[in-house]
There are 2 protein chains.
Amino acid sequence: MLTDGVIYPLVFADVALFSIQERDLCVLLARRANDPEANKWALPGGILKPMIDASLDQTAVRIIRDKVGVSAGCVEQVRLFSGATRDPRGYSLSQLYCALLSKDQVCAVAGLKTSEVGWVPVKLATDKELAFDHGVMLTEALQFLRAKIKHRALPLHLLNATFSLLDLQDACSLILGSPVDKSSFRRRMKAETCIRPVQGQFREGAYRPAQLYQATPDFQF
Amino acid sequence: MLTDGVIYPLVFADVALFSIQERDLCVLLARRANDPEANKWALPGGILKPMIDASLDQTAVRIIRDKVGVSAGCVEQVRLFSGATRDPRGYSLSQLYCALLSKDQVCAVAGLKTSEVGWVPVKLATDKELAFDHGVMLTEALQFLRAKIKHRALPLHLLNATFSLLDLQDACSLILGSPVDKSSFRRRMKAETCIRPVQGQFREGAYRPAQLYQATPDFQF
DNA sequence: ATAATAGTGTCTCTAAGACACTATCCG
DNA sequence: CGGATAGTGTCTTAGAGACACTATTAT
């Protein structure tokens, strides 16, 4: 970071990776192995490697792959944090990303690589003392996600490839933290072009089967 | 950027600075003095100076001050651009900012410092061939601004401290690029808490005087 | 039948679009 | 007075919230 008399900033990507676990919205936290802030919980993150990463967005993708072994459905920039004091190692930039993982993908890596990475319900996570300014980051990532859902984006990336309308409604409701009216929601979904029912496919199980849906090419989070 | 065997990325802030000039939405463009891309038009930008800038956001503020001599009303992050090929000097990061300048502020610096900086109507600017990926940047900054207005934010930073409702309506309409219904708009503004009429203050001039308004502490773009 | 989940119908309320209208100023 | 800008009233429509209702399955 300091070399030929010039100061070069450290550049990081930090990821707020969300998924739904046992009817709860969770975020992936990693326990820091090294100083600074060793042993504290933090959002998974890593330094930009210009030789490997075609862009900083790709750094974020790489970090997710390293931590959970799969690529997240969508990875979006939230905000850039920067300054001399936020990381003791020196002047730093951290681009915060928000990403979503489906249940399918989470199951595929059910046994996370180390015990030092874990899914934490967001309600608990926001109370935890996180490393650096990651507490603020988590709050902002959540606001970002909530704002998108309020503006009627559908968090299909949190769901399996096929899903029932109730699955989708529950996901929205979990993110918003408030109940969503079933009738209004289904009315909206009927008019929506970005999802469509899969003819003849139903969620079997106890009680009445539910029509399954899937995303159309129109879909964009 | 290259030093002890490690590659350090260049870090820039680039600013899409908007203002209203003669009933047209304009953006500030600077003609590049040096290579690379000398003589091409570009969004004003500059490199992060860690010794001077408390954060990259402050770099953006500094750039605006350097170019037009005043501080913009609001400076917001739009998106981070990054990669090895977007700037021939090497791996680079550019944070794009969107900022607004009021007519008052523009008038205060009516004679811009050099002839190499100028206000260009956005319609013309988007057609121009800009340096680097600044064409994409301008497009995204405009989308960003439009989205905020669609979501009912008020571009008070484009206006003087006191303004008529028609001023505000015209600003919205210019940004959106489509007419805004007067009656609906005023209805909304009557319910709005972030602006209030200034008792007894009117825009004098030809014909019927217009009630002047000002922002309240509630206001946030 | 009953419990449980899937899915519908309908009333009301709010806010926005469209557009014609009135009000107040200048000369 | 007429011309121009400031500001209002009112009809209609689209969509969301609330909530009671019907439908289909398993046991």
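1. Start with S183(B) and DNA strand C: in this predicted model, a polar side-chain atom of S183(B) sits 3.4 Å from a base nitrogen of that strand. That qualifies as a polar contact, meaning a pair of N or O atoms within 3.5 Å; within protein, one atom must be able to donate a hydrogen and the other to accept it, and residues adjacent in sequence count only if both atoms are side-chain atoms. D181(B) also puts a polar side-chain atom 3.4 Å from a base nitrogen of strand C. For S184(B), an N or O atom of the side chain is 3.4 Å from a base nitrogen of DNA strand C. The elements giving two or more residues to the surface near this strand are α6 and β10 (210-215) of chain A, plus α6 of chain B. Helices here are DSSP runs (H or I, at least four residues), as are strands (E, at least two), numbered from the N terminus.

2. Looking at the rest of the strand C surface, α6(A) gives the most, with 5 residues. Of the 21 residues around DNA strand C, the nearest are K182(A), S183(A), R186(A), S183(B) and R208(B). Sugar and phosphate make up 58% of the strand C atoms that come within 4 Å of the protein. "Near" a strand means that a heavy atom of the residue lies within 4 Å of it. By class, this surface has 6 nonpolar, 5 polar and 10 charged residues. Ala, Val, Leu, Ile, Met, Phe, Trp, Tyr, Cys and Pro count as nonpolar, Asp, Glu, Lys and Arg as charged, and the others, Gly among them, as polar.

3. Now for DNA strand D. R152(A) has a side-chain N or O atom 2.7 Å from a phosphate oxygen of this strand. At the bases, the side chain of S183(A) places an N or O atom 3.4 Å from a base nitrogen of strand D, and a polar side-chain atom of S184(A) is 3.3 Å from a base nitrogen of strand D. R152(A) and S183(A) are also among the nearest of the 21 residues around strand D, along with R208(A), K182(B) and S183(B). Of the strand D atoms within 4 Å of the protein, 56% belong to sugar or phosphate and the rest to bases. Here α6(B) gives the most to the nearby surface, with 5 residues.

4. How do the two protein chains relate? A rotation of 180° with 0.0 Å of shift along its axis puts chain A on chain B, with an RMSD of 0.0 Å. The copies are thus related as by a two-fold rotation axis. They also use the same surface: 100% of the contact residues of chain A recur in chain B. Contact means heavy atoms within 4.5 Å, and the superposition is by least squares on C-alpha atoms of residues with pLDDT of at least 70 in both copies.

5. Within chain A, there are two domains, 2-150 and 156-215, with bounds from an automatic or database domain assignment. Their C-alpha centres are 28 Å apart. Domain 1 of chain A puts 17 residues into the contact and domain 2 of chain A puts in 11.

6. One for checking by eye: T59(B), in helix α1 (residues 56-68) of chain B. Is T59(B) buried or exposed? T59(B) is buried, at 0% relative accessible area; the cut-offs are under 20% for buried, over 50% for exposed and partly exposed in between (1.4 Å probe, protein chains only). Its side chain makes a 2.9 Å polar contact with that of D53(B).

7. Housekeeping: residues are numbered from 1 along each chain as its sequence is written, with chains lettered from A and ligands numbered from 1 in the order written. Local features need pLDDT of at least 70, side-chain atom pairs count only at pLDDT 80 or more, totals for chains, interfaces and linings use all residues, and side-chain values use heavy atoms, leaving out hydrogens and water.
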